[in-house]
Amino acid sequence: MLSASLQRLWHKLGSPRWFVALTDGWVKALGWISLVLLIWGAVWGLGFAPADYQQGNSFRIMYVHVPAAMLAQSLYIGMGVAGFIGLVWRMKLADVALTACLPLGMVITALALFSGSVWGRPTWGSWWEWDGRTVSTLVLFFLYVGIYALREAIADQDLRARASALVAMVGTVNIPIIKYSVEWWNTLHQPASFGLTQKPAMPSERWLPLLVMVLAFYAFAGFIVLVRMRTEILRREMGARWVREWLQAGGPR
Amino acid sequence: MVGLMRREWQALLRARGAVINPVAFLLLSTTLFVIAAPGTVSSDAAAGILWTLVLLTQLLALDGMYRRDFDSGVLEQTLVNAEVPFVAVLTRIFMQWMSTGFIIVFIGPWLGVLLGLPVAAVPGVALGLGLGTPALSLLGSIGASVTVGFSRGGVILALLVLPLFLPTLIFGAGLVEGAGLGRSVMPEVYALSLISLLALAIAPFATLAGLKISVEMQ
């Protein structure tokens, strides 16, 4: 099975106090990595990648739209998994993770929808088309908003955690619909040009910046989620002695 | 199971408003469309309008789905004492569908004709509604189970449940449109059946979990 030290690490991460202590270094590292990757990817993709023969320069919005859309789905899956762990193993940090992913997910989905709309204007001729992928991504946005509203409506922390975990899990059924909608329906939205196992149908000068941007977005999401999780833990455990001692010892290093 | 059904049936007979109100809403809202926009209402728009109104009607009916049992304490007792609370939930969802979706299957196609669908499309529309409304009741019960403890839960219920309704809406409207045009509607039939069966597989368990959460909110 997993090595003993890995198991110990997993258990430690489940404790609020150890989580804050262990992720000190991760936050700084992820912050710097995401900054560097974002600047590199943005400058390379938006400035130096060769123009598309059909779309001209308007294809460059892909370097924002594709990572944002991927991240929107990943964050929701993260919330679904966190919800599942929270419901089954009653791990308190799972709800903290769900809280952290929620606002970022909402904003990133809105960004994906907006950037997609901006891309559609010159290429499809309209700001919005009701095809499989756009509709299901809109549904994803509404799912985020729904969970947010649900959390606002329940005062008790434990019940709030369980209710939002349940709704997040039920909504996860939408993710395969988004992913496979471009395969199932003959839609306007172009099929995936970026797969895990196959070589992309783009020259490397065009998909390498995309890879950098995707990694940058994910690193940035990791950074934000960790920062939010740490803040939420500190907020929840405000009265505990370890928080006071930790803050007196200098807080985040 | 039979005892539960009988109890639900008696409750339904005593609270006839719960059945008539949503149906009346559907009739009224359809007439609203016909009166307000007689020019635009045609065979093109009829499918979408009909299904959207059916969705909104279901939403209206879902709000009080568990409220009566919740307020009287029967819900908590069922979750604690019943041998298989799952059966109670399933019965409730079934009776919910009987009081809304089942009736809509019969009156919906005629409202579609009111909105401009050809009369020949009526059987197709009825089939679509019959396949799609169970999904609405099932998925809606998930939202209803989580929001039953809220005093003003109606809006949050809509927010939670409408995203889940959207695939049913898309295929249902597609089926009605296909029936109006006279083309084969088998793709939509398969899709709606798939959604309803998946909902049947997931919804009772999710509802049970949601009810257990809500009961602790009292």
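Okay, one bit of vocabulary before we start: a crossing is right-handed if the near helix is turned clockwise from the far one by less than a right angle, and left-handed if anticlockwise. Keep that in mind for chain B. And, as usual, this is a predicted model.

So, chain B. Take helix H7, residues 101-115, and helix H8, residues 122-147: their axes come within 8 Å and cross at roughly 140°. Angles over 145 would count as roughly antiparallel, so H7(B) and H8(B) end up as oblique to each other. And which hand does the crossing of H7(B) and H8(B) have? That one is right-handed.

Who makes the contact? From H7(B), we have Gly101(B), Ile104(B), Val105(B), Gly108(B), Pro109(B), Gly112(B) and Val113(B). H8(B) answers with a list that includes Val122(B), Val125(B), Ala126(B), Leu129(B), Gly130(B) and Thr133(B). Sorted by type, the contact of H7(B) with H8(B) has 10 nonpolar residues, 6 polar and no charged.

Now over to the interface. Chain A puts 17 residues in contact with 18 residues of chain B. On chain A, helices H6 (132-153) and H7 each supply at least two residues of that side, and H6(A) gives the most, with 9 residues. What about the chemistry there? The chain A side splits into 14 nonpolar, 1 polar and 2 charged.

Last thing, confidence. Chain A has a mean pLDDT of 86, with 91% of its residues at 70 or more. Within chain A, the high point is helix H7, residues 157-171, at a mean of 93, and the low point is helix H8, residues 174-184, at 76. So H7(A), one of the helices on the side touching chain B, is also where chain A's confidence is highest.

Note on methods
Residues are numbered from 1 along each chain as its sequence is written. Chains are lettered from A and ligands numbered from 1 in the order in which they are written. This is a predicted model: local features need pLDDT of at least 70, side-chain atom pairs count only at pLDDT 80 or more; totals for chains, interfaces and linings use all residues. pLDDT is the predictor's confidence in each residue, from 0 to 100. Helices (H or I, at least four residues) and strands (E, at least two) are DSSP runs, numbered from the N terminus. Two residues are in contact if their C-beta atoms, placed from the backbone, lie within 7 Å. Ala, Val, Leu, Ile, Met, Phe, Trp, Tyr, Cys and Pro count as nonpolar, Asp, Glu, Lys and Arg as charged, and the others, Gly among them, as polar. Axes are lines fitted to C-alpha atoms, for helices over the stretch in contact, and angles run from 0 to 180 degrees between N-to-C directions. Angles under 35 degrees count as roughly parallel, over 145 as roughly antiparallel, 65 to 115 as roughly perpendicular and the rest as oblique.
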